[in-house]
Amino acid sequence: AVERMFSSGSRILEKVAEVVLRTAGQIISGIPNGALFAGTAVLSAFMISSQGPQLKKSLRRWLPKSWEQTWQPALLRLRKALGGWLRAQLLIMLVTYGLLAVGLTVLGIRQGFLWAILIAFLDALPMIGTGIVLGPWALVLLVQGKVVQAVGMAALLVAAMVLRSALEPKLLGKELGLHPLLTLIAMYGGFRLWG
């Protein structure tokens, strides 16, 4: 039985080592591709921004007049929509910061205002949110025996999530010129379709 245990253990270690080495190889082989993409993106962004007016003139000469009448208003609407989205996100981030700063200060967390800035920024990033920090933090406080702070941190997490869920459709709808219900349906549909 001991012999079997060691032989199966060595097989498990071999498999783990194989997976680790394969993953490391994929990461290492992806570094040049990532560096090339990042360098190209930075260089092209610089070139586009420095030669924007000339590029627009060239593009207008190449495209038929009917296309210009179609794409120019579309680009203006896109710029307006992106600006509205950015304003809505900044406002949500500011409100989230206020809630977190007050909540963390009430809970007695040192440097609560700085933590609130970091968490509000993470909340603005897609697929991350406040739970990435507040959830584990509440668990750590619970393990440390600080039950009151752990419950307060969990309540702060729930309050931040509810606040974002309530504000986002209304603010995005207002900034983009859509009805809040339509915005909510679009956000939920996009989440279900594309994650």
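**Exercise 1. Determine how the axes of α4 and α5 are placed relative to each other, and which residues make the contact.**

Solution. Two packed helices are described by the angle between their axes and the distance between the axes. Here the axes, which are lines fitted to C-alpha atoms, for helices over the stretch in contact, with angles running from 0 to 180 degrees between N-to-C directions, come within 9 Å for α4 and α5 and cross at roughly 125 degrees. Angles under 35 degrees count as roughly parallel, over 145 as roughly antiparallel, 65 to 115 as roughly perpendicular and the rest as oblique; α4 and α5 are therefore oblique to each other. The contact (heavy atoms within 4.5 Å) is made by W115, I119 and L122 on the α4 side, and by I132, V133, L134 and W137 on the α5 side.

These values come from a predicted model, in which local features need pLDDT of at least 70 and side-chain atom pairs count only at pLDDT 80 or more, while totals for chains, interfaces and linings use all residues. Residues are numbered from 1 along each chain as its sequence is written, and side-chain values use heavy atoms, with hydrogens and water left out.

**Exercise 2. Compare the span of α4 with the expected one, and locate its buried residues around the axis.**

Solution. Helices are DSSP runs of H or I with at least four residues, and strands are runs of E with at least two, numbered from the N terminus. Helix α4 covers residues 112-124, which is 13 residues, and reaches 18 Å from its first C-alpha to its last. The expected span is 1.5 Å times one less than the number of residues, and the value for α4 is close to the 18 Å expected. Its buried residues (under 20% relative accessible area, with exposed over 50% and partly exposed in between, for a 1.4 Å probe and protein chains only) are G112, A116, I119, A120, L122 and D123. They cover an arc, taken from the directions from the helix axis to the C-beta atoms, of only 160 degrees, which puts them on the same side of α4.

**Exercise 3. Identify the residues of the largest nonpolar core that touch the most other members, and the helix that gives the most to this core.**

Solution. A nonpolar core is a set of buried Ala, Val, Leu, Ile, Met, Phe, Trp, Tyr and Cys residues joined through side-chain atoms within 4.5 Å. The largest one has 17 residues, of which L104, I119, L134, W137 and M153 touch the most other members. At least two residues of this core are supplied by each of α3 (65-106), α4, α5 (131-143) and α6 (147-176), and α5 gives the most, with five residues. Turning to I119, and leaving aside neighbours within four places in sequence, its contacts are L100, L104, T130, V133, L134 and W137.

**Exercise 4. Decide whether the loop residues T130 and Q111 are buried or exposed.**

Solution. T130 lies in the loop between α4 and α5, and with a relative accessible area of 2% T130 is buried. Beyond four places in sequence, T130 is in contact with T96, L100, I119, D123, L157, A160 and M161. Q111 has its place in the loop between α3 and α4, and Q111 is exposed, with a relative accessible area of 52%. The phi of Q111 is near 55 degrees, a positive value in a residue other than glycine. Most residues other than glycine have a negative phi.
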